[in-house]
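Subject: Structure for you to look at

Hello,

Here is the structure I said I would pass on. Please open it alongside this message.

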Amino acid sequence: MSTVPAAVGDERPIVMVTVTSDAGYRGEIRAGRHRLVVDEDTGVGGKDEGPNPYQLVLAGLVQCTAATVRMYADRKGWELGTITVRARLLRSGDGATRSDRIERTIGISEGISDEQRRRLGEIAERTPVTRTLREGLPIDTTI
């Protein structure tokens with residue numbers, strides 16, 4: 001079992017998630033006090049007992065988007081009603097020509113002005129998870 005590497009410079013821990021997998025592709029995730037199951041689809045050898053890793057990435061993106069848009073609207077006193085955020089991972093090509101992109105759609109049940117819609121679009125582009133995904137980040141691995 002490896003330990004979490006120490007922070008470097010002015011880094012500080014933001015979040016930690018652990019997965020334990022005893023057999024097959026199913027994993028038990030611990031995220032703080034929360035527990036959930038992750039698995040691969042049956043088409044790739046899993047049993048589809050939980051979301052797959054890409055679904056979890058998109059879940060993080062859509063939740064961060066909905067929460068950030070809601071926080072901004074609340075500060076402005078805008079009533080949005082129900083916010084629905086949908087994301088799809090789209091892939092073209094394979095190997096060296098492979099290209100992935102995410103398509104995100106935000107729905108708001110209450111009527112808002114074109115200016116409010118434009119501003120919420122700008123806010124969605126600056127959510128923390130959006131920025132992390134767009135910028136990428138190094139992954140340091142220890143075994």
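Below is what was found in it, taken element by element.

One caution comes first: this is a predicted model.

**The sheet of three strands**

Start with the open sheet. Three strands make it up, in the order 1-2-3, and their pairing is antiparallel. Strand 1 (17–20) and strand 3 (34–38) are the edge strands, each pairing on one side only. On average, neighbouring strands here are turned by 25 degrees against each other, direction ignored.

Strand 1 and strand 2 (residues 27–31) run antiparallel, joined by four bridges. Look for V19 there: its bridge partner in strand 2 is I29.

Now move to V38, which sits in strand 3. Is V38 buried or exposed? Its relative accessibility is 9%, and buried means under 20%, so V38 counts as buried. Setting aside neighbours within four places in sequence, V38 is in contact with V19, Y25, R26, G27 and I29. The list goes on with G50, P51, N52, P53 and L56. V38 also has a useful distance to check. V17 is 21 residues from V38 in sequence, and their C-alpha atoms are 12 Å apart in space.

**The loop before helix 1**

Strand 3 and helix 1 have a loop between them, and D48 lies in it. D48 deserves a look for its backbone. Its phi is near 55 degrees, a positive value in a residue other than glycine. Most residues other than glycine have a negative phi. D48 has a relative accessibility of 46%, so it counts as partly exposed.

**Helix 1 and its two partners**

Helix 1 covers residues 53–76, and T65 is in it. Two packed helices are described by the angle between their axes and the distance between the axes. Both values are given for each pair here.

Take helix 2 (residues 114–125) first. Helix 1 packs against helix 2 at an angle of about 130 degrees, and their axes are 9 Å apart. That angle makes helix 1 oblique to helix 2. Helix 1 passes helix 2 in a right-handed crossing. Which residues meet in this pair? From helix 1 come T65, T68, V69 and Y72. From helix 2 come R119, L120, I123 and A124. By class, the residues of this contact are five nonpolar, two polar and one charged.

Helix 3 (residues 128–135) is the other partner. The axes of helix 1 and helix 3 come within 7 Å and cross at roughly 135 degrees. The two helices are therefore oblique to each other. On the helix 1 side, the contact is made by V57, G60, L61, C64, T65 and T68. On the helix 3 side, P128, V129, T130 and L133 take part. This contact has six nonpolar and four polar residues, with no charged ones.

T65 appears in the contact with helix 2 and in the contact with helix 3. How much of T65 is accessible? Its relative accessible area is 0%, so T65 is buried. Not counting residues up to four places away in sequence, T65 touches V85, R104, I106, A124, T127 and T130.

**The hairpin**

V85 and I106, both touched by T65, lead on to the next pair of strands. V85 stands opposite I106 in strand 5. Strand 4 (residues 83–92) and strand 5 (residues 99–108) run antiparallel, and 10 bridges join them. L89 stands opposite I102 in strand 5. The two strands form a hairpin, with six residues between them. In the turn, G93 has a positive phi of about 70 degrees.

In a regular strand the side chains alternate between the two faces of the sheet. Keep that in mind while looking along this hairpin.

Finish with E103, which lies in strand 5. Is E103 buried or partly exposed? E103 has a relative accessibility of 23%, so it counts as partly exposed. Leaving out residues up to four places away in sequence, E103 touches R86, A87, R88 and L90. E103 and V85 are 18 residues apart along the chain, and their C-alpha atoms are separated by 10 Å.

Best wishes

Note on methods
Residues numbered from 1 in each chain as written. Predicted model: local features only at pLDDT ≥ 70, side-chain atom pairs only at ≥ 80, totals over all residues. Heavy atoms only, no water. Buried < 20%, exposed > 50% of the residue type's maximum accessible area, 1.4 Å probe, protein only. Contact = heavy atoms within 4.5 Å. Axes fitted to C-alpha atoms, helices over the stretch in contact; angles between N-to-C directions. Parallel < 35°, antiparallel > 145°, perpendicular 65-115°, else oblique. Left-handed = near helix turned anticlockwise from the far one by under 90°. Nonpolar A, V, L, I, M, F, W, Y, C, P; charged D, E, K, R; others polar. Pairing = 2+ DSSP bridges.
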